Amino acid sequence: MAPTLFTNVNILEGTGVLPYRGSVLVEGNRIRQVGRSTSAITPAGATLIDGAGATLMPGMVEAHTHFSWNDAATLSGIQTMPLEEHVLWCAKVAKRYLHAGFTSCLGAACAKPRLDVVIRNAINNGQIPGPRYLAASQEITVPGGLGDETLPHLPFPEFSFGVNVNGAEDMRKSVRMFLKYGVDSIKINLSGDNFVPGADSHTAWMTDAEVAAAVEEVKMRGKRIIVHARSKASIQQALRHGIELIYHASFTDTETLDMMEAAKERIFVVPGIAILYALLNESEQWGVTREIATGWGYQLEWDAALDSLSKMHKRGIRVLPGGDYGFAFTPHCQNARDLEFFVKYLGFTPMEAIRSTTLYGGQIMLRGHELGAIKEGWLADLLLVDGDPLANLSILRDPKRILAVMKDGVFAKAPTIASQRAWGQAA
Amino acid sequence: MADTLFTNVRVFDGGGEAPFTGDVLVQGNKISRVVKAGFGQSSAPVLGARIIDGAGAFLMPGMIEAHTHFSWNDQPTLDAIQRMPPEEHILWCSEVAKKYLDMGWTSCVGAAAAKPRLDVVIRNAINDGTIVGPRYLAASQEITVPGGLGDTTAPHLPQHEFAFGAIVSGAEEMRRCVRMFAKYGVDSIKINLSGESITGMPSEMSQFTSEEVRVCVEESKAWGKRVSAHARSSWAVKECIKQGIEVIYHASFTDAEALDMLEANKLKHHVAPGLAWLINTCHHASQWGLTPEVTRKMGYHRELEAAIESMKAMRRRHSNLARGRLRLCMDAAWHQRERPGVLRQVRRYEQHGGIVVSHCLGRADDDDGQADRLHSRRLPCRHLARGWRPARRHHRIARQGPHLVGDERWCLPPRAAGRRWPTGAQRCTTQCDPLELRSTPWPQPSLPT
């Protein structure tokens, strides 16, 4: 594969360093050279991309991805898609994420047992295009909890969005099944969600014995646990059990924040606040007015979440963007909007917001030593962006402004320059 | 979508006429103009059209694969096909659909799927733009009987999920089965009326009662579905005609009565023999343990000879007909073994500037597989081709939808390489005229002995 030289680009390293004009040479799947010269010598045979001042930044990492959420408004609407269609949906979405600039995604749960695993494998063996991916299990929950979509007269597990377990041994069995299928992470719902009747965001329903069984099995096989934890009690439960990936974390108090800060070297928080925002502000066409959402408790949660997450950020806890895109009100591939939310509502600087999806993104993908920054020797996952994201983060969710996407040294979305140069076929 | 004007192409219209140099204008999804060019005359300009100068390349209708199994996954046994989990299987089908289109097959007739909904889902995904693939008619699984072709359950593993086909016993079970596939949305119901020697049930053996077949057809018709049959035995062929099964696959063994019946009903039926399977099984399957000795014992060599005789007889009856024809199509079932090699080959041709690979149409036979093994070796229609003039053979391919999978490809001119064809237009071009290959002296082909 020919080397690629990006010249005349604004290099946004992703580490927090201010951008500078320079050149980046990619050889194989690695970044070989990063320099401040804009007239770097092109190696023989290299493809030369003159960025004309565009920004070159690391590929973004989506830290809370649900490929199998199919832009339906309800969990049941996601679940009732037949298996075959669901796989094709996931394949299509995976490609869209990559083209949208997400070169890595961390699976947060899938809607049927093997969807995530199959998509990860298909990406890895080159069958379909997609981001680097870590595959998740279905959501493991308890009867009546978030994710139990069975009905009293239809108690069959196939009707359920998540997997219902009762007791530690049941949990162990379920976790083992997913590990057998080859997941990278097990997803456990430790708290509810406001749209679930009788299991709102303040709940915490799993016994410590159940969580301990899951943790034991997962650690034994060297995998990770991801928890859905909105309530204070569920966040504390996750921390007590040494769980590193905490999703949502809306409700906290000083004690909880202290516990989190003490563990800040190993934990990641991925709040997925877009869905809170969308339900309050943008979901009328699906019948969820602001009044209804407020009645469900979303205004309360939004306020609490902004407070909690701002404090976490101040304490140096890694808070990452991404999450819960794939519902009707949070359609896929608008995920970079989270960066704007972080700046507007959580007190991030634009640079900090970008760092959270690049440098921290590489860390949450378990490749903190080689992924998520433009550094010599690191993996060549790169975006060429028309404009300065630090000045306007919203360009990161405009497909026209994402000029090129490179994953592992290969263009997933090639810059259009080459084809414009080709012989035109004018009439 | 911009209009496309192909200029300076050899136009083969698919109707059996000799190709001529000219221009073809595609507007939207229709061919709106076909013009013969005079010598030295430049083509009329068309405002706003994308122009593709074919530089003398061959422009022909997209080919139609009349007996397609997207879900066969290049495995040597039915059981191994069946064992692929549904998630992987649908991705496989999606990948294969794209390959077919890339190879020049703009339409495919599904001949059976390995799991109940695979074909339907792929057809829908192609139609709604989720994936890329040919026009497609979706088939059911193969409907068979306990112990018949397609029953891959083991005595200790009787669950129907282990079965390659859908197993029915009795007319009412058949009815239920057909209704299920109709509910799923198939375009055609596939029924296995005869055996298949490799499975232990000889090809000349038949299965099903006439009553079961009758119910299958009755129920399919009630839902507006077409029926296709795996029919290698003479009884099976005759049953297709008696019961009104329009699409007859294989038809290896035909007695005089069967041929008479076929001729008498020639406008109602299509025959797609799938000769590649017989040829490859007889001669090119040693690496899977199917040496010629083994396949001879299985009866495949005898079947290949019988099939050739049957097809020749059908063709003869075709030539004697004043009007209409016995529609003879070819299929590529079980071409799985060569597909990867062929793709490599195609890539090489592309790298070398898009040289044509159209040998199937007039290329020498080489039964020993030595000479020119890369393309003419596994030509499914080469035996059939003897005695047919190229134009006529070509005509069949283009018009009636026979198949040539894999062994050739209408390569794009270098300038257009890498660019998708307007699929609605259903045309492909080649770098030289496949019909001109008739100027090559044809060595007398010899049948495998």
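**Close-up views of a two-chain predicted model**

**View 1. The two domains of chain A and where they touch.** The centres of domain 1 and domain 2 of chain A, taken over C-alpha atoms, are 31 Å apart. This is a predicted model, so local features need pLDDT of at least 70 and side-chain atom pairs count only at pLDDT 80 or more, while totals for chains, interfaces and linings use all residues. Residues are numbered from 1 along each chain as its sequence is written, with chains lettered from A and ligands numbered from 1 in the order in which they are written. Domain 1 covers 4-59 + 373-421 and domain 2 covers 60-364, with bounds that come from an automatic or database domain assignment. Their contact takes 22 residues from domain 1 and 24 residues from domain 2; a contact here is two residues with C-beta atoms, placed from the backbone, within 7 Å. On the domain 1 side, β5 (55-58), β17 (402-407) and β18 (410-413) of chain A give two or more residues each, and β17(A) has the largest share, three residues. Helices (H or I, at least four residues) and strands (E, at least two) are DSSP runs, numbered from the N terminus.

**View 2. The largest nonpolar core.** Of its 228 residues, A:L56, A:V227 and A:I246 touch the most other members. Such a core is a set of buried Ala, Val, Leu, Ile, Met, Phe, Trp, Tyr and Cys residues joined through C-beta atoms within 7 Å; buried is 20 or more other C-beta atoms within 10 Å of a residue's own, with C-beta atoms placed from the backbone. Helix α2 (residues 83-99) of chain A brings the largest share, nine residues. Domain 1 and domain 2 of chain A both chip in residues, so this core lies between them.

**View 3. Zooming in on A:V227.** Skip its neighbours within four places in sequence, and A:V227 still contacts A:I188, A:L190, A:A238, A:I243, A:L245, A:I246 and A:Y247.

**View 4. Chain B against chain A.** Here 22 residues from chain B meet 16 residues from chain A. On the chain B side, β4 (50-53), α2 (86-102) and α3 (118-127) each supply at least two residues, and α2(B) has the largest share with seven residues.

**View 5. An open three-stranded sheet in chain B.** The order is β6-β7-β8, with parallel pairing; strands pair if DSSP finds at least two bridges between them. β6 (63-68) and β8 (135-137) sit at the edges with a single partner strand each, so one side of each has no neighbour in the sheet. Strand β7 (residues 105-110) and β8(B) pair over three bridges, and B:S107 has B:R135 as its bridge partner in β8(B).

Methods
A residue is buried if 20 or more other C-beta atoms lie within 10 Å of its own, exposed if 12 or fewer, and partly exposed in between; C-beta atoms are placed from the backbone.
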